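Biologist: Could you take a close look at one salt bridge for me, and then show me how its surroundings fit into the rest of the chain? I'd enjoy one connected walk through it.

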Amino acid sequence: MLEYRIDRRSGVATYLQIVQQTKQALRLGLLEPGDKLPAAREVVEATAVNPNTVLKAYRELEREGLVEAQRGLGTFVRRSLGTASGDSPLRAELAEWARRARADGLERDDVAAFFTAVLDEYFENIREGQ
C-alpha cells in the first residue's frame, strides 16, 4: 500500500506532496487502475496532516482524471501514468549511480541538482529536435 511521506521543510504544500507522490507511484507502476488509495483517515493517522488537506489532494487527483471517488467505498485509481517500471534495469542503474554519488560525499541536494540539470539538458534538446 502507498505510504505518504510529508516533508514539512520542503516548502511544497502538503496536499501537493500527496499529489506528487501519488503520481510518482502511478508512473512507477506501484499503483494501477482499480487500486484503492489509502483512506483519508489512514493518511491523517500516518502523517498527522489535516483531513481537509488529504481530501484536497484527492480532489485534485480526481480533477485530473487519475482517480475516482466512490461514495462509501473509497478512492480508486482510474488510469496510470507513464511506462516506467519499478523494477526496470534503468532504475537499478540509477540506484547504483546514486549510491556512488553518496559514497563520493554528495548530499541529496547535490545529486538532485545534477540529475535535474541532466534532465533539463536532455529533454530540452528533445523538444528542440536535437
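Modeller: Happy to! Let's start with E96, which is partly exposed in this predicted model, its relative accessible area being 33%. The side chain of E96 meets that of R99 in a salt bridge, with 2.6 Å from N to O. R99 is partly exposed as well, at a relative accessible area of 48%. Both residues sit in helix 4, and because they are 3 residues apart, about one helical turn separates them. As a general point, side chains of opposite charge can pair when their charged atoms come close.

Helix 4 covers residues 89–103, and it also holds L94. With a relative accessible area of 38%, L94 is partly exposed. L94 brings us to a nonpolar surface patch of about 460 Å², which L94 makes together with F115, L119, Y122 and F123. The largest share of this patch is 4 residues from helix 5, which spans residues 108–127.

Two members of the patch, Y122 and F123, deserve a pause. The structure holds 1 aromatic pair, and the rings of Y122 and F123 form it, with centres 5.1 Å apart and planes at 90°. Planes over 60 degrees apart count as edge-to-face, so that is the label for this pair. Y122 is partly exposed at 48% relative accessible area, and F123 is partly exposed too, at 42%.

Back to charges: the structure holds 4 salt bridges, and the one between E96 and R99 has some interesting company. In helix 3, E60 and R63 are 3 residues apart, about one turn of the helix. Their side chains meet in a salt bridge at 2.7 Å, N to O. R63 counts as exposed, with 61% relative accessibility.

Another salt bridge joins the side chains of K23 and E64, at 2.7 Å from N to O. This pair links distant parts of the chain, with the two positions 41 residues apart: K23 belongs to helix 1 (residues 14–27), while E64 lies in the loop between helix 3 and strand 1 (67–70). K23 counts as partly exposed at 22% relative accessibility, and E64 counts as partly exposed at 25%.

One more charged group is worth opening in your viewer. K56 lies over the face of Y15, at 4.2 Å from the ring centre. Then there is a backbone detail at A48, which has a positive phi of about 60° although it is not a glycine. A48 is found in the loop between helix 2 (40–47) and helix 3 (51–63). At 63% relative accessible area, A48 is exposed.

Now for the whole chain. There are 5 helices and 2 strands, and from the N terminus on they run α-α-α-β-β-α-α. The C-alpha atoms fill a box of roughly 50 × 35 × 25 Å along the principal axes. Of the 130 residues, 25% count as buried. The accessible surface comes to about 9,500 Å², and 50% of that belongs to carbon and sulfur atoms. Among contacts with a separation of 6 or more, 52% come from residues 24 or more positions apart.

To return to your request, then: E96 and R99 share a salt bridge within helix 4, and L94 of that helix takes part in the nonpolar surface patch.

Notes. Residues numbered from 1 in each chain as written. Predicted model: local features only at pLDDT ≥ 70, side-chain atom pairs only at ≥ 80, totals over all residues. Heavy atoms only, no water. Phe/Tyr/Trp six-rings, centres within 6.5 Å; stacked < 30°, edge-to-face > 60°. Buried < 20%, exposed > 50% of the residue type's maximum accessible area, 1.4 Å probe, protein only. Lys NZ or Arg CZ within 6 Å of the ring centre and 35° of its normal. Patch = residues over 30% accessible without salt bridge, like charges linked within 9 Å, V, L, I, M, F, W, Y side chains within 5 Å. Areas by Shrake-Rupley, 256 points an atom, 1.4 Å probe, with all protein chains shown as cover. Contact = heavy atoms within 4.5 Å.
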